[in-house]
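Welcome to this structure! Here are some notes to read with the model open beside you.

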Amino acid sequence: MTGRATTVHRNKADGFVRTVRLVLPAAAAILGTILLLGICAPAFGADAYPSKPIRFILPYAPGGAVDTVGRIIAQKLADGLGQAVVPENKPGAGSTIGTELAVKSKPDGYTLVMGSASITITPSLYKLSYDVTKDLAPVAMCATGAQVLLVHPSLPVSDLKELVAYAKANPGKLNFGTGGVGNPGHLAIELLKSLAQIDLVHVPYKGAGPAMIGLVGGEVKVQASSIPAAVPHIQSGKVKALAVLGNERSALLPNVPTSKEAGMEQLVVISRYGFLAPAGTPREIIDRLNAVWAKAATMPDTREKLKKVGEEPLASTPEEYLAFLQTEIPRWGKVIKEANIKVAK
């Protein structure tokens with residue numbers, strides 16, 4: 001070997017060959033290391049996720065049902081992931097401002113957005129810059145809660161059938177309040193109007209809170225509301241509950257019949273809460289987030305926290321959430337079109 005090295009050293013051309021021969025093994029080792037790291041990178045990245053706090057956009061103002069449920073979800077995700085999940089309220093335009101922000105975010109698993117009933121309604125009300133079912137990646141449905149149909153105590157009705165009869169006897173004389181054009185409470189009453197063929201006058205307020213104040217004060221006579229917001233006023237006797245617009249009675253209102261029990265099976269208005277990521281988020285991250293929530297949904301404290309705010313825990317696959325969105329968007333689109341509901345520009 002020593003003689004060969006001496007011979008090669010004496011020849012400049014061979015000297016070049018000698019240099020190559022010495023360098024190639026080192027280069028091969030380095031190249032092998034790079035390739036190995038390249039092969040392992042995706043698995044390492046998935047295992048390491050999340051390595052920093054996750055932004056969780058809540059596309060409504062603080063204090064409402066979306067905010068309350070969203071913060072419960074965020075905390076349970078944080079517990080399961082071992083990393084902070086930070087709620088961030090981005091209200092406006094029926095949830096579209098916050099949702100669009102999520103759509104435009106990097107699809108790396110570090111931005112999530114809360115979905116509620118509005119995400120199935122806004123496509124028929126607004127000219128969106130995004131497609132809910134294409135530009136977002138559903139992760140999981142997390143909770144569900146029905147609306148409740150309310151009337152002011154001065155109205156001489158005690159159940160849903162009597163309300164329909166009264167409205168038919170007084171066409172155009174009965175008004176209903178909502179927290180705004182196109183929100184779930186508004187569409188619930190529009191669905192009632194369509195199914196029962198009755199004429200009620202819409203009085204939109206600037207938010208669910210003012211709308212409830214309007215009902216309690218008698219400014220409006222009918223309203224559909226989230227159950228948690230209605231319970232204190234029902235218990236105080238300031239409003240009457242006629243029906244829970246869901247498939248089962250509410251634990252918070254055990255004596256109030258469902259719409260089916262009240263004689264109108266199709267009057268079902270259920271909010272499904274879930275969370276989504278920007279389209280293109282790696283599937284392994286979607287699956288990881290889904291698995292964390294699926295486990296959290298079975299925990300007694302999760303159920304207890306959600307039931308306190310009138311919601312039931314729910315778990316689903318990403319595909320089930322997508323199928324739900326694909327069904328509900330045209331369903332509410334039909335109601336909106338038939339009622340000629342338009343958002344003021």
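1. A good place to begin is a pair of helices. Helix 3 and helix 11 are roughly perpendicular to each other, because angles of 65 to 115 degrees count as such and theirs is about 110 degrees. Helix 3 covers residues 65-81 and helix 11 covers residues 283-297, and their axes lie 9 Å apart.

2. Now look at the residues that make this contact. From helix 3 come Ile-73, Lys-76, Leu-77, Gly-80 and Leu-81, which meet Arg-288, Leu-289, Val-292, Trp-293 and Ala-296 of helix 11. Sorted by class, this contact of helix 3 with helix 11 has 7 nonpolar, 1 polar and 2 charged residues.

3. A word on confidence: please keep in mind that this is a predicted model. The protein has a mean pLDDT of 87, with 86% of its residues at 70 or more. Residues 1-44 deserve caution, as pLDDT stays under 50 there. For that stretch, the model has 5 contacts beyond four places in sequence.

4. How many cavities of 30 Å³ or more does the structure hold? There is 1. The space in the largest cavity comes to about 70 Å³. Helix 5 (118-121), strand 9 (270-278) and helix 13 (318-339) are the elements that give two or more residues to the lining of this largest cavity.

5. Which element gives the largest share of that lining? It is helix 13, with 4 residues. The residues that line the largest cavity include Phe-324, Glu-328, Arg-331 and Trp-332. Also among them are Ala-117, Thr-120, Ile-121 and Pro-184, along with Val-269, Ile-270 and Arg-272. By class, the lining of the largest cavity has 7 nonpolar, 1 polar and 3 charged residues.

6. Two spots in the backbone are worth a visit. Tyr-49 and Pro-50 are joined by a cis peptide bond, with omega at about -5 degrees. To find Pro-50, look in the loop between helix 2 (12-48) and strand 1 (54-58).

7. The other spot is Gln-197. What is the sign of its phi, positive or negative? The phi of Gln-197 is positive, at about 55 degrees, although Gln-197 is not a glycine. Gln-197 sits in the loop between helix 8 (184-196) and strand 6 (200-204).

Methods
Residues are numbered from 1 along each chain as its sequence is written. This is a predicted model: local features need pLDDT of at least 70, side-chain atom pairs count only at pLDDT 80 or more; totals for chains, interfaces and linings use all residues. Side-chain values use heavy atoms; hydrogens and water are left out. pLDDT is the predictor's confidence in each residue, from 0 to 100. Contact means heavy atoms within 4.5 Å. On a 1 Å grid over the protein atoms alone, a cavity is a set of points where a 1.4 Å probe fits but cannot get out, and a pocket is an open set with protein on both sides within 12 Å along at least five of seven lines; lining residues have an atom within 4 Å of a point. Grid points are joined across faces, edges and corners, and a volume is the space filled by probe spheres set on the points. Ala, Val, Leu, Ile, Met, Phe, Trp, Tyr, Cys and Pro count as nonpolar, Asp, Glu, Lys and Arg as charged, and the others, Gly among them, as polar. Axes are lines fitted to C-alpha atoms, for helices over the stretch in contact, and angles run from 0 to 180 degrees between N-to-C directions. Angles under 35 degrees count as roughly parallel, over 145 as roughly antiparallel, 65 to 115 as roughly perpendicular and the rest as oblique.
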